[in-house]
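Open the model in your viewer and keep the selection tool handy. We will make a few stops together.

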Amino acid sequence: MKSSRIAVLAAAALACQGLVLVGAAPASANPAAGAPGAHNAITDVPGIHVGQVQSDTAPYLTGTSVVYMPTMSVASVDQRGGAPATKETDLLSPLNSNPGVNAIQLGGSSMYGLSATNGIIRWLEDRGEGVRVGAGGVAPIVPAADIFDLGRGGDAKARTSAEWGYLAAQATSAGPVRQGGVGGGTGARGGGMRGGVGTASVHLGDGIYVGAMVIVNPAGSPVDPADCTLYGVKYGIGNEFAGYKAPKKKECNPSGASAAAEQPANTTIAVVATNAPLEKAAAQRMSGNSHDGMARAISPIHTLGDGDTVFAVSTGKGEALQINDPADSRQLNAIFNAGANTLARAIAKAVLSSESIGNTTSYCDRYPSACKGMKQLKQWRTQGEAPTVTPETFAQASQALAQTPVPAPVAKEKDKGKGAAASNGAAPASDNSRESSREGMVLTAGSSDGGPGAPTGATVALLAAVVLGLGLMGRHVLGRRRLLP
């Protein structure tokens, strides 16, 4: 029995919020059970950081968001839309051996934007983070899912790349998360309106949290066509959506907020996280149950034009909760339900935080009476960092990515003490200088990675042979000319 690990079963603030407490931290440092965390964001989950970058300068309207775990964490995924753009999701199956993930990308630019993970991977490699492979090497694990936003800023080729991922990784922090049209949600749309990034959290009690981060870009709509209210608002906790009202009848246009506003290529993607320790199979179950949060806040959902994907992460340490252990069922069910409700709340926050851009209208501009009393919107839209990608920062990231540390060759046993320069009379390099050389070598464009660079010894020998051959041929030709009458 695991009762010694379960401190108390808290009463939820709302009947729809089933909550569980697993001993982890002093209660005095946390809000009441059933309340949002300090930031009301996924970063309230200990061990979760978020970084975001974007550009809304034409022809760009896209970006990248990164959920980063400084300590590799258990993760899984559930994908239900009919048109996903994903990467490394097979690794997350409980049937496969991968131990966890270092980061998860939620990005724009559809399948092209998956290349942004290369920058995240490189940032992690530079920090020595990832699965240990070979002699001192690492393999960072970065699954990804992207939304379709190609061309929404004016050119379908204005999209993210490895540089964007590197910059987003550099921007990660455990603080507040900016919401609305930022990061991977910069070019998002839904129900004929602007979508975006949303996040929320709930404290389950005794230091255990569930958080969610979502990019809302559905083929369906987050708006109830009957009265133009947001489906997800009903799942709010306490005064989370204080000031929100149903739009005035003169503003409400059901036909403009219904399924008729479907777009052919979209996707809603999310990460749900908890610091309760979960086995990999339980994480997969959490990701699947959290899709219910999408269904509660968006209709229709999981269409053939969507790539709806939810990742689940457990940063917790210690004895993991298991889906096949009856003693864990009550706690797991509460965590799973909290994941679904938290995701529904995050979807509503994303829509409310978005602002109109170009010809794409936001919910609050379409229905101003609904948002007029919501003073918290400014905070949602401005708290947290979300740097804009500029030519200068892009160039800096490009330079960082162009320099790949390469270890110097290790001397063979028979060559020890001779030194690499012994053949030309130079003194053998010291151990310290050899180590310095090992750390300082780099691969840059046009070097030994396949591009033009300094000739190797073999190349010099080949060139010498060619020159010698040409010289002998010349002497032979001259000799024949002398013999001619």
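Select residues 256-260 to begin: pLDDT (the predictor's confidence in each residue, from 0 to 100) stays under 50 here, and the model gives this stretch 11 contacts beyond four places in sequence, a contact being heavy atoms within 4.5 Å. Next, select residues 418-464, where pLDDT is below 50 and the model has 33 contacts beyond near neighbours in sequence. Now colour the whole protein by pLDDT: the average is 83, and 75% of the residues score at least 70.

A note on reading this predicted model: local features need pLDDT of at least 70, side-chain atom pairs count only at pLDDT 80 or more, and totals for chains, interfaces and linings use all residues. Residues are numbered from 1 along each chain as its sequence is written, and side-chain values use heavy atoms, with hydrogens and water left out.

For the next stop, select P59, L61, T62, S109, D149, L150, G151, R152, G153, D155, A158 and R159, which line the largest cavity. A cavity is a set of points on a 1 Å grid over the protein atoms alone where a 1.4 Å probe fits but cannot get out; lining residues have an atom within 4 Å of a point. The lining has four nonpolar, four polar and four charged residues, with Gly counted as polar.

Finally, go to V182, in the loop between α3 (162-170) and β8 (189-190). Is V182 buried or exposed? V182 is buried (under 20% relative accessible area, 1.4 Å probe, protein chains only), because its relative accessibility is 9%. Show Q52, Q54, V197 and A386 too: V182 contacts them, leaving aside neighbours within four places in sequence. Then add P387, 205 residues from V182 in sequence but 9.1 Å away, C-alpha to C-alpha.

Key. On a 1 Å grid over the protein atoms alone, a cavity is a set of points where a 1.4 Å probe fits but cannot get out, and a pocket is an open set with protein on both sides within 12 Å along at least five of seven lines; lining residues have an atom within 4 Å of a point. Helices (H or I, at least four residues) and strands (E, at least two) are DSSP runs, numbered from the N terminus. Buried means under 20% relative accessible area, exposed over 50%, partly exposed in between (1.4 Å probe, protein chains only).
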